[in-house]
Amino acid sequence: MKKLATLTTKIAATAAAVIFVTGCSAVAKPQMTAANSAPMIKADALNNALLYSDECITEREVVEAQKMWGKGIVRIGAVFTDKGDYSKEAADFIQDMYGYDLSSVLFKPTLAANDQFRGSFDAALSYFVGGNDAYAEDKGFAIKPYTNVKFDNVGIINNSCRMAVAMGNYFFTDTSGGETKVEYTFAYVKDREGDLRIVAHQSSLPYNPNSN
């Protein structure tokens, strides 16, 4: 009888302990501290890192990417001239050449005055082909069209390994044979497939002292 009473007391104490723990967990959820959030931050950084290649960028890769960019501009104009789907051609060009799906992109194109900076895919597309009421100033840079684009690098900096920056002049040849000289600065990263993607692009017409 004494053993039964002892057992009953233990069961009651255990039940009380379970009720106490359950009640506390229901009303007092643990707060997210800096220590708790650290693994989450590291996980986000890891996920972001997975978008990029571990390989360093070479000058040759930059030159090849510039050639591809120039050919892409010419191709958009050719599709426009042939009455094809030049908007899709431009969208594919931006997807291939720019890093809008990897990170922020700093894009300040040559012929933009009201909306100088094009931080979104749609804003960049409007600059190249026009047709977006949100950017009424855009006439479609790539559908002029051009027959050739030639890069002349003043220099390429790739000593940070995972980003390369090129600066110089590029020359756009139109269908009448006229050539327009434009100054540029491009910054490139390399994606997981090993392709260079532009994350900063600034271009402008050379200073003209006679315009003042």
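Two strands count as paired here if DSSP finds at least two bridges between them. Helices (H or I, at least four residues) and strands (E, at least two) are DSSP runs, numbered from the N terminus. This is a predicted model, where local features need pLDDT of at least 70 and side-chain atom pairs count only at pLDDT 80 or more, while totals for chains, interfaces and linings use all residues. Residues are numbered from 1 along each chain as its sequence is written, and side-chain values use heavy atoms, with hydrogens and water left out.

**Stop 1: the sheet**

Switch to cartoon and pick out the strands. Five of them make an open sheet with mixed pairing, in the order S1-S5-S4-S3-S2. S1 and S2 are the edge strands, each pairing on one side only. On average, neighbouring strands of this sheet are turned by 30 degrees against each other, direction ignored; the axes behind that angle are lines fitted to C-alpha atoms, for helices over the stretch in contact, and angles run from 0 to 180 degrees between N-to-C directions.

Now zoom in on S2 and S3. They run antiparallel, joined by ten bridges. For one example, select Gly155: its bridge partner in S3 is Met167.

**Stop 2: the cavity**

Next, hunt for empty space. On a 1 Å grid over the protein atoms alone, a cavity is a set of points where a 1.4 Å probe fits but cannot get out, and a pocket is an open set with protein on both sides within 12 Å along at least five of seven lines; lining residues have an atom within 4 Å of a point. Grid points are joined across faces, edges and corners, and a volume is the space filled by probe spheres set on the points.

How many cavities of 30 Å³ or more does the structure hold? There is one. The largest cavity has about 50 Å³ of space. Show Trp69, Phe107, Pro109, Thr110, Tyr127, Phe141, Tyr170, Phe172, Val182, His201 and Ser203 as sticks to see its lining. Strands S3 (164-174) and S5 (196-204) each supply at least two of the lining residues. By class, that lining has eight nonpolar, three polar and no charged residues. Here Ala, Val, Leu, Ile, Met, Phe, Trp, Tyr, Cys and Pro count as nonpolar, Asp, Glu, Lys and Arg as charged, and the others, Gly among them, as polar.

**Stop 3: the pocket**

Move on to the largest pocket, with about 160 Å³ of space. Its lining to select is Thr110, Leu111, Lys139, Gly140, Phe141, Ile143, Lys144, Tyr146, Thr180, Val182 and Leu205. The class count for this pocket is six nonpolar, three polar and two charged residues.

**Stop 4: backbone oddities**

Stay with Lys144, one of the pocket-lining residues. The peptide bond from Lys144 to Pro145 is cis, with omega near -5 degrees. Pro145 sits in the loop between helix H5 (121-129) and strand S2 (146-157).

Then jump to Lys83, in the loop between helix H3 (59-81) and helix H4 (86-97). Lys83 has a positive phi of about 60 degrees although it is not a glycine. Is Lys83 buried or exposed? Lys83 is exposed, at 77% relative accessible area; the scale is buried under 20%, exposed over 50%, and partly exposed in between (1.4 Å probe, protein chains only).

Cys161, in the loop between S2 and S3, is another non-glycine with a positive phi, about 75 degrees. Cys161 counts as partly exposed, at 22% relative accessibility.

**Stop 5: salt bridges**

Finish with the charged side chains. The structure holds eleven salt bridges, each a side-chain nitrogen of Lys or Arg within 4 Å of a carboxyl oxygen of Asp or Glu.

Select Asp54 and Arg192, whose side chains meet at 4.0 Å, N to O. This pair links distant parts of the chain, 138 residues apart: Asp54 is in the loop between helix H2 (34-49) and H3, and Arg192 in the loop between strand S4 (179-190) and S5. Asp54 is exposed at 53%, whereas Arg192 is partly exposed at 44%.

For a local pair, try Lys67 and Glu64, bridged at 3.6 Å, N to O. Both lie in helix H3, three residues apart, about one turn of the helix.

Last, pick Asp101 and Arg197, at 2.4 Å, N to O. Asp101 lies in the loop between H4 and strand S1 (106-108) and Arg197 in strand S5, so the pair ties together parts 96 residues apart in sequence. Asp101 is partly exposed at 42%, but Arg197 is buried at 6%. One more selection: Asp54, Arg162 and Arg192 are joined into one network by salt bridges that share partners.
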